[in-house]
Amino acid sequence: MNTSPSADTAPFSPQSAPLPVPQPVPSSVPQTHGAHQVAQTGIMRPSPVLSARGLLQSYGTGGTTTRALDGVDLDIARADSLAVMGPSGCGKTTLLHILAGILTPTSGTVLHEGTDLASLGDRRRTRLRRSDFGFVFQDGQLLPELTALENVILPRMLGGTSRRAATAEAASWLDRLGLSGMHDRRPTQLSGGQAQRVAIARALAGRPSVVFADEPTGALDQATGQSVLQILADSCRDNGAALVMVTHDAQVAAACRRTVTMQDGRIAQEFVRPAATAGTTGSHRTDGATR
Ligand SMILES: Nc1ncnc2c1ncn2[C@@H]1O[C@H](COP(=O)(O)OP(=O)(O)OP(=O)(O)O)[C@@H](O)[C@H]1O
Ligand SMILES: [Mg+2]
């Protein structure tokens with residue numbers, strides 16, 4: 001079934017205005033605790049929807065241990081957006097999976113609206129992930145035996161939404177992401193970029209309070225990537241959802257108000273974008289992204 005998008009799902013025109021270089025936080029602010037930097041700059045933010053403290057993650061045992069996270073503190077407010085950047089292997093995906101409750105850290109805590117994820121049993125954590133978190137995985141992770149539409153409606157129906165409502169909602173999101181006419185295709189009948197957009201529709205359909213996206217535009221050409229990114233950022237802001245997005249691309253990170261760069265499992269730096277430019281995409285210099 002194909003349902004027309006509602007007025008609030010009108011197609012997006014990517015913005016092309018150049019953006020100023022992201023502003024590093026003042027040098028008087030310590031460079032190791034991103035969340036606190038924002039507080040110390042005096043910018044008032046609403047109470048965080050997610051708070052992480054002292055996250056450590058080690059993989060393996062004995063001589064083959066990898067320290068993927070080495071003391072990460074982070075606060076993320078509703079309707080705020082955070083890009084996570086850094087070299088391959090620095091711990092970005094690990095951080096996202098821990099923040100989303102997919103992975104339990106070796107030590108440290110993650111609070112969702114004040115509730116420690118570790119205090120929830122498996123069932124409650126699954127329910128939380130289904131109702132409050134949307135996740136776009138680095139490799140898409142669509143179910144191959146389901147159509148695009150079914151991939152989007154499945155988590156909604158598992159969460160208790162009727163098939164009819166979930167279908168209308170899913171069709172609207174797929175259309176908005178440029179996939180009208182492809183609702184009945186299976187993932188193997190879609191290009192990598194189309195499959196990634198189905199995964200984005202699936203993450204947004206439940207109007208979660210936090211959307212996690214791991215390189216959401218990695219498989220898309222630049223124009224499609226910009227358009228999809230803007231839909232992702234606008235939808236999160238309009239829904240009051242926080243967006244936490246991993247990317248290697250400074251232009252993609254420009255869609256977010258904040259950018260943290262990671263190095264060897266730690267947050268090395270944080271940049272806060274001026275309010276006037278936060279949430280817009282477009283070309284901008286990347287030489288200010290790191291110092
Ligand atoms: N399941 C695992 N078992 C062992 N080591 C792992 C596992 N998952 C990740 N690692 C290691 O932890 C480190 C961080 O991995 P992670 O996937 O978080 O990096 P990343 O920053 O997302 O990298 P990329 O940009 O390549 O996706 C890497 O050294 C990786 O090899
Ligand atoms: Mg990764």
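Two strands count as paired if DSSP finds at least two bridges between them. The legends below describe close-up views of a predicted model.

**View 1. Antiparallel pairing of strands S2 and S3.**
Strand S2, residues 48-59, is joined to S3 by nine bridges, and the two run antiparallel. Within this ladder, Gln57 has Leu69 of S3 as its bridge partner. The pair belongs to an open sheet of four strands, ordered S3-S2-S5-S6 with antiparallel pairing. S3 and strand S6 (115-116) form the edges, each pairing on one side only.

**View 2. The shell around ligand 1.**
Tyr59, Gly60, Thr66, Ala68, Ser88, Gly89, Cys90, Gly91, Lys92, Thr93 and Thr94 surround ligand 1. Strand S3 (66-77) and helix H2 (92-99) each contribute at least two residues to this shell. H2 provides the largest share, three residues. By residue class, the shell comprises three nonpolar, seven polar and one charged.

**View 3. Strand S8 and its two parallel partners.**
Strand S8 spans residues 210-214 and is mostly covered, with five of its five residues buried. Val210, Phe212 and Asp214 point one way from the strand, whereas Val211 and Ala213 point the other way. Strand S7 (residues 133-136) pairs with S8 in the parallel sense over four bridges, and Phe135 stands opposite Phe212. Strand S9 (residues 242-246) also runs parallel to S8, joined to it by five bridges. In that pairing, Val210 stands opposite Ala242 of S9.

**View 4. The β-α-β unit formed by S8, H7 and S9.**
S8 is followed in this unit by helix H7, residues 222-239, and then by S9; the unit is right-handed. Leu243 lies within S9, whose residues are 242-246. Leaving aside neighbours within four places in sequence, Leu243 is in contact with Ser81, Leu82, Val211, Ala213, Leu232, Ala233, Cys236 and Cys256. Among these contacts, Val211 and Ala213 are buried residues of S8 that point the same way from the strand.

**View 5. The largest nonpolar core.**
This core contains 72 residues, of which Leu174, Phe212, Leu243 and Val244 touch the most other members. Helix H6, residues 192-205, supplies the largest share of the core, eight residues. In soluble globular proteins, nonpolar side chains tend to be buried together. Phe212 is also the S8 residue that stands opposite Phe135, and Phe212 points from S8 in the direction shared by Val210 and Asp214.

Notes
Residues numbered from 1 in each chain as written. Chains lettered and ligands numbered in written order. Predicted model: local features only at pLDDT ≥ 70, side-chain atom pairs only at ≥ 80, totals over all residues. Buried ≥ 20, exposed ≤ 12 C-beta atoms within 10 Å, placed from the backbone. Right-handed = clockwise from strand over helix to strand, strands pointing away. Near = placed C-beta within 6 Å. Nonpolar A, V, L, I, M, F, W, Y, C, P; charged D, E, K, R; others polar. Core = buried A, V, L, I, M, F, W, Y, C linked by C-beta atoms within 7 Å. Contact = placed C-beta atoms within 7 Å.
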